Amino acid sequence: MKCEKCGKNEATMYYKETINGVTREMHLCEDCAQKENIGGAFENAFQSMNHFWSDPFHSFLGGGFGSLWNDMLGAPTATLLGTERKCPTCGMTESELRQTGRVGCPDCYNTFSDILNPYVEKIHGATRHIGTAPAAPEQPKADPIETLRAQLKTAVENEEYEQAARLRDEIRRMEGEQK
Amino acid sequence: MSMFTISGGFTGLAASSRVRLARNLKGYPFRLTEAQHKEIADKVFAALQNNPTIGPEFEKKQIIPRSTEASQLVEEHLISPELAQNGGWLIVSKDSGVSIMVGEEDHLRLQVIGTGLCPKECLETANRIAALIESELPFAYDERLGYLTACPTNIGTGLRASIMLHLPMLTATGEIGRMTGYAGSRGCAVRGAYGEGSKAVGGFYQISNQVTLGASAAELTEKLVETATTIIDAEKKAREQVRSQNEAGLRDRIYRAAGTLRSAYLIDTSEAVQCISDVLVGLQMDLLSGVEPQKLYELEQRIRPAMLTGAPQERDCKRAELLRAAAKDLILE
Ligand SMILES: [Zn+2]
Ligand SMILES: [Zn+2]
């Protein structure tokens, strides 16, 4: 088997890892494994400072999608001059994206979503962001008593009298607090 | 103590913690011109200045490509080798606890470093600073993919949290391989921290989260801390095992390392890191005393080649001098 990174040398290193249920496998030659710092933290030589800053797999995955990704995603659809897809915002082309593994601007994620979405899922084992979001502008809060009145109306309509009685008590209590 | 000095102590064999958030400003391409770097650095700096308590803590520096100052900042772990190579800007707190690189692969790389096991505290600070910037300068954000980054490997939270672990006994017993596998199964990567040749010199490793999307920054950090704690416990167990099997051999090795630090006249980085590692084990296992482990660990940075000037032999001499001073109070128990 040929190395999946350079495609030239015989692959002698096999790398496998499962993250969040997604398994990644790579067959690499010794040179590429060394260069990409894959195949065990302990066998590879590097300087502390590179280490400190380099991200796991960043250089490998970021250094172009390589044959592994092309196999998975299919070859670029139209690389003929002039017909190639381009990001309307930054002008990045599909082949540039595949070569560098870096996107040109935020809009590229939209332009090339068919290429990037499966790639993102493969890397992260997930498709959706969770957590911190830009602070949203303050929403006017709904009046809690009005919400309860609406629920009471629904309960009465559905003949859920126990529920309706509970809601009525709650509304009275809250009206009492407001005075 | 200054504002952003986060200290978790040299507890649980964790030497230091670091959190990095990758962020990009809305309305710019990822690749910027030099003029845009300056523009963004100015805007970010101004946003920080708007906060009366946080603002005065920060200063802004231009990074001149390939300058001596740039390479020193690299060894202080304040900027990446890429930024030192290509130039850009650094916005840094006076105590160096918080640094923001402008001109890396992403517009902003916000980093918080602390000593000991404190990634959660680092994350809190990073979130606070990021929110402060974001309140004035909106970041590129997508409902589905989260914070957008130049490389899809950083998308979502943009978080890279890492802990520097000191695991000499797991290294010696070869059990580190199993621990790396365990960390991998938990979505964490373990890598040797100071490699020269083919091994992790001194048993220092960096453990960090691998994925950035699909879990919140807090969850990713929590999982990292849990995983690191399990590995730390395994190292402690391995140390006790070595003590019960061959205490005389253990003492011999540690005392020799102490002797070298106390009396070497010339010492290269690799031997120095190895001796620091052995002496740290001695201090933590109560076979040595008299020196703060954290102090000794911090020396690691100051003895690196770019931090010392002069020809190689001069540097070896200066390095030995620093180490002799730091180790002079060591007491053999
Ligand atoms: Zn290869
Ligand atoms: Zn684009």
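How many residues lie between S5(B) and S6(B) in their hairpin, and which residue in the turn has a positive phi? The model is predicted, and in it 5 residues separate the two strands, with Gly103(B) in the turn at a positive phi of about 115°.

Strand S5, residues 98-102 of chain B, is a useful place to start. S5(B) and strand S6 (residues 108-115) of chain B pair in the antiparallel sense, over 5 bridges. Within this pairing, Val98(B) has Val112(B) in S6(B) as its bridge partner. S5(B) is also joined to strand S4 (residues 88-93) of chain B, by 4 bridges, and these strands run antiparallel. Here Ile91(B) stands opposite Ile100(B) in S5(B). S4(B) and S5(B) form a hairpin too, with 4 residues between them, and Ser96(B) in that turn has a positive phi of about 65°.

In a regular strand the side chains alternate between the two faces of the sheet. In S5(B), Val98(B), Ile100(B) and Val102(B) lie on one side, Ser99(B) and Met101(B) lie on the other, and both faces are covered. Because 5 of the 5 residues of S5(B) are buried, the strand is largely enclosed by the rest of the structure.

Helices of chain B also contain buried residues. In helix H2 (residues 68-75) of chain B, these are Ala70(B), Leu73(B), Val74(B) and Glu75(B). An α-helix has 3.6 residues a turn, so residues three or four places apart point the same way. After H2(B) comes His77(B), with a positive phi near 65°. Ala258(B) belongs to helix H7 (residues 217-263) of chain B. Ala258(B) is buried, at a relative accessible area of 0%. Leaving aside residues up to four places away in sequence, Ala258(B) touches Val279(B), Leu288(B), Leu330(B) and Leu332(B). From Ala258(B) to Ala327(B) is 69 residues in sequence and 7.2 Å in space, C-alpha to C-alpha.

Chain A holds the zinc ion (ligand 2), whose protein donors are the SG atoms of Cys87(A), Cys90(A), Cys105(A) and Cys108(A), 2.3 to 2.4 Å from the ion. Along the chain these donors follow the spacing C-x2-C-x14-C-x2-C. The site links distant parts of the chain: Cys87(A) is in the loop between helix H4 (66-73) and helix H5 (94-100) of chain A, and Cys105(A), 18 residues apart from Cys87(A), is in the loop between H5 and helix H6 (108-111) of chain A. Both Cys87(A) and Cys105(A) are buried. The angles among the 4 donor atoms are 97 to 123°, and the site is tetrahedral. Ideal angles at a metal are 109.5 degrees for four tetrahedral donors.

Conventions. Residues are numbered from 1 along each chain as its sequence is written. Chains are lettered from A and ligands numbered from 1 in the order in which they are written. This is a predicted model: local features need pLDDT of at least 70, side-chain atom pairs count only at pLDDT 80 or more; totals for chains, interfaces and linings use all residues. Side-chain values use heavy atoms; hydrogens and water are left out. Donors are N, O and S atoms within 2.8 Å of the metal (3.2 Å for Na, K and Ca); water is not among the atoms, so sites may look incomplete. Four donors count as tetrahedral if all angles lie between 85 and 135 degrees; four count as square planar and six as octahedral if opposite donors are over 155 degrees apart and all others between 65 and 115; anything else is irregular. Buried means under 20% relative accessible area, exposed over 50%, partly exposed in between (1.4 Å probe, protein chains only). Two strands pair if DSSP finds at least two bridges between them. Contact means heavy atoms within 4.5 Å.
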